[in-house]
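Me: I would like to go through this structure step by step, with the reasoning spelled out for each point. Please start from the surface and work towards the interior.

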Amino acid sequence: VQLQAFGGGLVQAGGFLRLSCAAFGNIFSINTMGWYRQAPGKQRELVAVITDGDSINYADSVKGRFTISRDNAKNTVYLQMNSLKPEDTAVYYCNVDGYYSDLVSFGSWGEGTLVTVSS
């Protein structure tokens, strides 16, 4: 399964961006879709995840500012990021797990999209 992410860029503090990530391949079903980020010199961390039952978890640092959603018909996950802060600057990666049409499980990472928030 290939993941294609869009929406990163440069924005001023207080601004907003919307990331999207679409999964392509011989997919039977998708379980969890999520966003992670990695800032320079830091480990990759969870930002938000959403399950196929629409259960959602957010990192404490983004609660109230970011919203994750998914469109199952398009195999796409979105991350609406509002009130962005310089500390949100990072490469954002999408992650998807599920099953191929032959019911073999998969887990895939996107290549990452850079979000830069200027102060």
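Me: In this model, is F28 buried or exposed?
Reply: The model is a predicted one, and the residue in question has its place in strand β4. Its relative accessible area is 56%, and the cut-off for the upper class is over 50%. Because 56% lies in that class, F28 counts as exposed.

Me: Which residues form a nonpolar patch on the surface together with F28, and what is their accessible area together?
Reply: F28, which is exposed, is joined in this patch by Y99 and L103. Taken together, the accessible area of F28, Y99 and L103 is about 330 Å².

Me: Which residues touch the most other members of the largest nonpolar core?
Reply: This core holds 29 residues, and strands β3 (17-24), β4 (27-38), β5 (45-50), β7 (66-71), β8 (76-81), β9 (90-100) and β11 (113-118) each supply at least two of them. Within that set, the residues that touch the most other members are W35, V47, F66, L79, M81 and Y92.

Me: Which are the edge strands of the open sheet of four strands?
Reply: The strands of this sheet follow the order β1-β3-β8-β7 with antiparallel pairing, and the twist from one strand to the next averages 15°. An edge strand here pairs on one side only, and that holds for β1 (2-6) and β7.

Me: What is the bridge partner of Q4 in β3?
Reply: Strands β1 and β3 run antiparallel and are joined by five bridges. For Q4, the bridge partner in β3 is A22.

Me: What is the phi of S83, and where is its place?
Reply: S83 is not a glycine, yet its phi is positive, at about 50°. With 42% relative accessibility, S83 counts as partly exposed. Its place is in the loop between β8 and β9.

Me: Where does D54 lie, and what is its phi?
Reply: D54 lies in the loop between β5 and β6 (56-58). Although D54 is not a glycine either, its phi is positive, with a value of about 65°.

Me: Why does N57 count as partly exposed, and what separates its C-alpha atom from that of A13?
Reply: N57 has its place in strand β6, and N57 counts as partly exposed because its relative accessibility is 47%, a value between the limits of 20% and 50%. Along the chain, N57 and A13 are 44 residues apart, and the separation of their C-alpha atoms is 24 Å.

Conventions
Residues are numbered from 1 along each chain as its sequence is written. This is a predicted model: local features need pLDDT of at least 70, side-chain atom pairs count only at pLDDT 80 or more; totals for chains, interfaces and linings use all residues. Side-chain values use heavy atoms; hydrogens and water are left out. A nonpolar core is a set of buried Ala, Val, Leu, Ile, Met, Phe, Trp, Tyr and Cys residues joined through side-chain atoms within 4.5 Å. Buried means under 20% relative accessible area, exposed over 50%, partly exposed in between (1.4 Å probe, protein chains only). Helices (H or I, at least four residues) and strands (E, at least two) are DSSP runs, numbered from the N terminus. Patches are made of residues with over 30% relative accessible area and no salt bridge: like charges are joined within 9 Å, nonpolar side chains (Val, Leu, Ile, Met, Phe, Trp, Tyr) within 5 Å. Accessible areas come from the Shrake-Rupley method with a 1.4 Å probe; for residues, only the protein chains shown count as cover. A salt bridge is a side-chain nitrogen of Lys or Arg within 4 Å of a carboxyl oxygen of Asp or Glu. Two strands pair if DSSP finds at least two bridges between them. Axes are lines fitted to C-alpha atoms, for helices over the stretch in contact, and angles run from 0 to 180 degrees between N-to-C directions.
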